[in-house]
Amino acid sequence: MRQLLALIRLDLKLFLCDRRALIMLFIVPIGLASFMGSVFSNSGGKSSVGGGMGILLVDQDESAVSRGVVDAFASDPTFRVTVTNEAAARDMVLNGKRPLALVLPAGFGADALPGLFDTNRKPVITLLHDPSRNMERSMVEGMLVPKVIQAVAQNGLSADLGRDFIRRGLTNLDRATQVGAHEQQLYRSMMERADEFLATRTNRSLFGSAKGSTNGAPAKEFNLPLPFVTKAEALVKNTKGEYNGYAHAFAGMSLQFVLMSLLEMSVGLLRERESGMFRRLRAAPLSRGTLLLGKGLSYAIIGLLSLGGCFAFSMVVFGVRINGSWPGFLLCLVLTSLMSAALGLALAALGRTPAGTRGIGIAVVLLLLMVGGAWVPTFILPRWLQSAALVTPTRWALDSLDAMTWRGLGFEAALGPVGVMLGFIALFATITWLRFRWTAE
Amino acid sequence: MSDLLLDAQQLVKRFGPRTAVDGVSFSLRRGEAVGLLGPNGAGKTTTISMLSGLLLPDGGEVRLGGQPITGDTDPRKRLLGLVPQELALYEELTARDNLEFFGALYDLAGAALATAAESALKFVGLAERRGDKVKTFSGGMKRRLNLAVALLHDPELLLLDEPTVGVDPQSRNAIFDNVEELRRRGKTILYTTHYMEEVERLCDRVIIMDHGRVVADDTLSGLKQRRTHADRVFCELVEVRDGGWLAGLEGIAGISRAELAGTRLTLHVTDLHGGLSRALEHLRRVDVVVASVESQSPSLEDIFLELTGRSLRDG
């Protein structure tokens, strides 16, 4: 036990003496997680993307309807709208300065309403997009439909437009030889009564008061109703706190740097072996198991300090909260640290030399981080990769931390990931035990 | 208690197809200082590794205190203090931190550890630098601290593997003084080196290794006595005429060879008294005047050369 404690104390002292290691384990992950959190998170329920997604709108129609579409996008905090001409828009998208541009063509306002009923008269909205930004394209396409319908409803359904529509309908009726005389008369009668009604609404919005209120603002009495309304409900088990996207960013980034740093420490272990330090260690009555256990535990403690420090920072500065179980959260931190330490030692055992371990280790750690969801949410990965993520320890570590922080799940939710991580620890420890050489020559 | 502290019998170690140590046998008695001498690659470090339990021999056996070393945690390892050839120190830690760590590996703790660390630091003359990081030490100071680490647990047997490699003369002398003091304290020492003068100064017995084998194991005087190598006698001549007389010297009983370089005549003498008298008489007869005579006994270097056919520095 005294030897074990001495080994642990040694590594902690060496770690505290190493300014570079301290920066790597505390400053860098905090900085990166803060940045990632601010870019990708939805802190406090306010969309941070809203300040960011710049799109271009080209209004070649300049009608009330097209202006309505532009206004609808401009007033949406998700977008940062720049109105420009088509040539400039093409240039900016082509050069990657904006992900996409919407071109509302001349005649858009006049054709939008008839386009609802006439398949031959639909205006074409051109969407110029950067092929590498399909996520943004899909998002804008999805948002386009309600915004156009809203603009058409507000600005297109006027009495004048309705009367014009009736006049054209009656003209077409005169030419419709296939319709019987009786039906023609009934239809004409109905349309003439509608025209009479619309005549009383000239210069007014269809169902509201005079177009343009006394303060000059457009009337908003009527919206063409959509067949549904959406109600967003953020699902977190414990509603004590709000969702805080920094929680995932800090889990991902701190795990990344813990893994990278512990890999570096394992490389250092092999350097100790090559430098002759192991000759002195082995001359003492010290077992290989005690050495490996001491190294593993000291690495785990260092990892735990880093993870704990990063989360403490995120709690103080970004308001991250443990909405789930505190014991569960602490257990997940401990298991994540142990799993990272065991992985580092296993990589040292497999790599055999410092250079070999660094080469293999960087590839493995980066793969585990990417697939495990430390950099990007796993849902945007291909389905097969999402399945593959289930056999990565990082995925389970991150899931467990997410569960205990922003998802607000209870202690029992930590048990599954903890069990899987214990399995990975056993696997890595076995590899280390079987493959780690400590012979001096 | 037996006088025999360490006994190695027929040690063999192979690395792949290469046999690094091939049937090495020797023993160390308590309080003895023995030099293990040999060029680089002779198998000295591999032998030390097997003696200290770092390597399992492929053949043969090591007994320490009459018992074989069994396993990494064998308590008999406490009898050993290894000073490895490499500087096995943590440079980012202080001298005291290093000593406290290595002391803990031998189960030292608390006041006993602090006392042992302080005593070891004083012994190697580094007490004033106890709180300084090792990376600020000179090469010689690191070597001395390397020695101090091995002394912490007060071992009976010290295995010093080339402890003066790369140190300045002052530190080297300090290490010599330390080893001599350890001898006075009754420690058993196995001192590995390829510096002949270190062995001559520090050891009573010499084991010479070459190509993984022991080629000689004797006291210094014993080695010199059993030599086949001749003494050399250097004669400074006043005047050198034609060299016809030189061949006559080699026919004299007790003279194995004669060489002339300028006015310096070197005689290889197998019988110093009779041979040299006869040679001087021969020179007088042929009117060669001798200004001075100087004799030289064979050195350990000569003995090594004679035993192995190569110089120690050949590597």
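B:Arg201 is partly exposed at 35% relative accessibility, a class that lies between buried (under 20% relative accessible area) and exposed (over 50%), with a 1.4 Å probe and protein chains only. Its partner B:Asp177 is partly exposed too, with a relative accessible area of 41%. The two side chains meet in a salt bridge of 3.3 Å, N to O; the term stands for a side-chain nitrogen of Lys or Arg within 4 Å of a carboxyl oxygen of Asp or Glu. The pair links distant parts of the chain, 24 residues apart, with B:Arg201 in helix H6 (residues 196-202) of chain B and B:Asp177 in helix H5 (residues 169-184) of chain B. Helices (H or I, at least four residues) and strands (E, at least two) are DSSP runs, numbered from the N terminus.

A word on the model: it is predicted, local features need pLDDT of at least 70, side-chain atom pairs count only at pLDDT 80 or more, and totals for chains, interfaces and linings use all residues. Residues are numbered from 1 along each chain as its sequence is written, chains are lettered from A and ligands numbered from 1 in the order in which they are written, and side-chain values use heavy atoms, with hydrogens and water left out.

**Salt bridges**

Side chains of opposite charge can pair when their charged atoms come close. Over all chains, the search finds 37 salt bridges. Here are three of them.

| Pair | N to O distance |
|---|---|
| A:Arg279 and B:Glu86 | 3.6 Å |
| B:Lys13 and B:Asp58 | 3.7 Å |
| B:Arg201 and B:Asp177 | 3.3 Å |

A:Arg279 and B:Glu86 join two chains, because A:Arg279 lies in helix H10 (residues 277-283) of chain A and B:Glu86 in the loop between strand S6 (80-83) and helix H2 (95-105) of chain B. A:Arg279 is buried at 3% relative accessibility, whereas B:Glu86 is partly exposed at 28%.

B:Lys13 is buried, with a relative accessible area of 9%, and B:Asp58 is partly exposed at 42%. In addition, B:Arg29, B:Glu32, B:Arg205 and B:Asp217 are linked in a network of salt bridges.

**Nonpolar cores**

A nonpolar core is a set of buried Ala, Val, Leu, Ile, Met, Phe, Trp, Tyr and Cys residues joined through side-chain atoms within 4.5 Å. The largest has 151 residues, and among those that touch the most other members are A:Leu281, B:Tyr90 and B:Phe101. Its largest share, 14 residues, comes from H9(A). Leaving aside residues up to four places away in sequence, B:Phe101 touches A:Ala6, A:Leu7, A:Leu10, A:Leu281 and B:Tyr90, where contact means heavy atoms within 4.5 Å. A second, separate core of 20 residues includes A:Val69, A:Phe73, A:Leu144 and A:Val148.

**Empty space**

How many cavities of 30 Å³ or more does the structure hold? There are two cavities of that kind. On a 1 Å grid over the protein atoms alone, a cavity is a set of points where a 1.4 Å probe fits but cannot get out; a pocket is an open set with protein on both sides within 12 Å along at least five of seven lines, and lining residues have an atom within 4 Å of a point. A volume is the space filled by probe spheres set on the points, which are joined across faces, edges and corners.

The largest cavity holds about 70 Å³, and its lining includes A:Arg280, B:Phe102 and B:His153. The second largest pocket has a volume of about 790 Å³. Of its 27 lining residues, A:Asp18, A:Glu264, A:Met265, A:Gly268 and A:Arg271 are the closest to its centre. H9(A) gives the most to this pocket lining, with ten residues.
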